[in-house]
There are 2 protein chains.
Amino acid sequence: MPRYRLDIEYDGAAYAGWQRQAGQPSVQAAVEQAVLGFSGEAATLKGAGRTDAGVHAFGQVAHLDLARDWPADTVRDAVNAHLRQAGETVTILAASVAAGDFDARFSASRRHYLYRILNRRAPPALERGRAWHVAPPLDAAAMHAAAQVLVGLHDFTTFRSVQCQSKSPVKTLDRLDVTRDGEMIEIRASARSFLHNQVRSMVGTLKRVGEGAWSAADVRAALDARDRAACGPVAPPDGLYLVRVDYER
Amino acid sequence: MPRYRLDIEYDGAAYAGWQRQAGQPSVQAAVEQAVLGFSGEAATLKGAGRTDAGVHAFGQVAHLDLARDWPADTVRDAVNAHLRQAGETVTILAASVAAGDFDARFSASRRHYLYRILNRRAPPALERGRAWHVAPPLDAAAMHAAAQVLVGLHDFTTFRSVQCQSKSPVKTLDRLDVTRDGEMIEIRASARSFLHNQVRSMVGTLKRVGEGAWSAADVRAALDARDRAACGPVAPPDGLYLVRVDYER
């Protein structure tokens, strides 16, 4: 029973999130349906990151087991043909045969997210649903400086959704960089794993810094509070992208 | 009666093109409707480039006259509010008071277009409707070299739609650059003016070069033929963007 690794890109706007949910469209269900369509097998897909409703991916990774031994390229092309036919905004970038113990979620050594803020007066046309529109000018350099307070090993209770199911709020944030490219502010976050809503919670807090309402010291105080109520507003899902997942091999 | 210049961004997917057409959604009609909504005036908008159905713009320019003397920023924000309310994928990037003889179309000294080809095996998810998907690997360097055949003063009859209303097929193409950035091939074209379907016709021909079917000499022969039948296939509108319009002051 071969195991396959799938690298997946999607526009999350049309989905209630990665994870299958009764009565709602999900990325997982869309791919599982396409697998069923081409192979006749009702396989279960397991993803590296359970992205929320409206969150996008350039490089989600998932694994599944099939009874029949298909060439990996056939899996990719056949699943894509079925996704396309169903009108899904999901595509399989690559499929490969994985080791039997490969687990897209638990074997992951690092996850990389991108958050995009469109920082200009005019609302987005081409970037609608693909970035957070913030009209007042943001100071990206101040946001970057304040972001460094969050890098490292911390108790991230302040930046964790109350629905988070992770056993511990203590995580190591490897990178939180804020850069500006014209009207677009890009925030890049890397860690072995993230808490639920952690990136969007950190971005919402950094936006407060960018507009001058908060200082880096305020961010530190919010982190030290270990209290969800100390968090800034959670940034909308539109601007968030799961960019890449690393595996040690 | 003040004249206003509007700089406009749009996702062209939902429109039958820039130009107003009976019974079909157009970018022009969407903006005129928004102007009517905020000012009560039935103004006519004149655009620099009459983009086709599905073609996008980062920087279309248009002008219109209003009876009442509104501050330009009020025009921008009020039109945007009405566009948003109507669910249009159009946004006014900037509004400014223009000279009484400013004509968005006839005062333009140069137009800049971008064409994007997503060159990878997997169909697009995030770039759906925003790029031309071409699966076989394209040689961007060969495309760029062949493109230089088209730069300069030429009779572009081969690369002109049969519906083109321009008086003369003779135009000066200032720039036609082909570059690759990972999976994306970007083609940048600049000229004082273009014939109808000229950019998409040139891109379709360059794609033939990229896949190895045509040489630069074949492109030259097609140009010299001055015959629409000598043109390669016309590239789809999804990948085309009106990027900027220059005006001499």
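Select A:K207 first: in this predicted model, the residue is buried, at 17% relative accessibility. Display its side chain together with that of A:E211, and a salt bridge appears between the two, at 3.3 Å from N to O. A:E211 is partly exposed, with a relative accessible area of 36%.

Remain in chain A and select A:D11 and A:R130. Their side chains form a salt bridge at 2.9 Å, N to O. This pair connects distant parts of the chain, 119 residues apart. A:D11 belongs to the loop between β1 (3–10) and α1 (27–39) of chain A, while A:R130 belongs to the loop between β5 (108–118) and β6 (132–133) of chain A. Are these two residues buried or exposed? A:D11 is buried, its relative accessible area being 11%, and A:R130 counts as buried at 12% relative accessibility.

Next, select A:D73, A:R76, A:D77 and B:R121. A network of salt bridges links these four residues.

Now turn to chain B and select B:E127 and B:R116. The two side chains meet in a salt bridge of 2.9 Å, N to O. B:E127 is in the loop between β5 (108–118) and β6 (132–133) of chain B, and B:R116 is in strand β5 of chain B, so the bridge ties together parts eleven residues apart in sequence. B:E127 counts as partly exposed, at 22% relative accessibility, whereas B:R116 counts as buried, at 13%. Over all chains, the structure contains 34 salt bridges.

The last stop is helix α5 of chain B, residues 216–225. Which of its residues are buried? They are B:V219, B:A222 and B:L223. Because these residues cover an arc of only 100 degrees around the axis, they lie on the same side of α5(B). Rotate the view to the other side of α5(B), where B:A217 and B:D224 are exposed.

To see what the buried side faces, add α3 (140–147), β7 (152–155) and α4 (198–210) of chain B to the selection; the buried residues of α5(B) pack against these elements.

Then inspect the two ends of the helix. At the N-terminal end of α5(B), B:S215 acts as a cap, with a side-chain oxygen 3.2 Å from the backbone nitrogen of B:A217. B:A217 is also one of the exposed residues of this helix. Just after α5(B), select B:R226, which adopts a positive phi of about 50 degrees.

Conventions:
Residues numbered from 1 in each chain as written. Chains lettered and ligands numbered in written order. Predicted model: local features only at pLDDT ≥ 70, side-chain atom pairs only at ≥ 80, totals over all residues. Heavy atoms only, no water. Buried < 20%, exposed > 50% of the residue type's maximum accessible area, 1.4 Å probe, protein only. Helix = DSSP H or I, 4+ residues; strand = E, 2+ residues; numbered from the N terminus. Arc of directions from axis to C-beta. Contact = heavy atoms within 4.5 Å. Polar contact = N/O pair within 3.5 Å; in protein donor to acceptor, adjacent residues only side chain to side chain.
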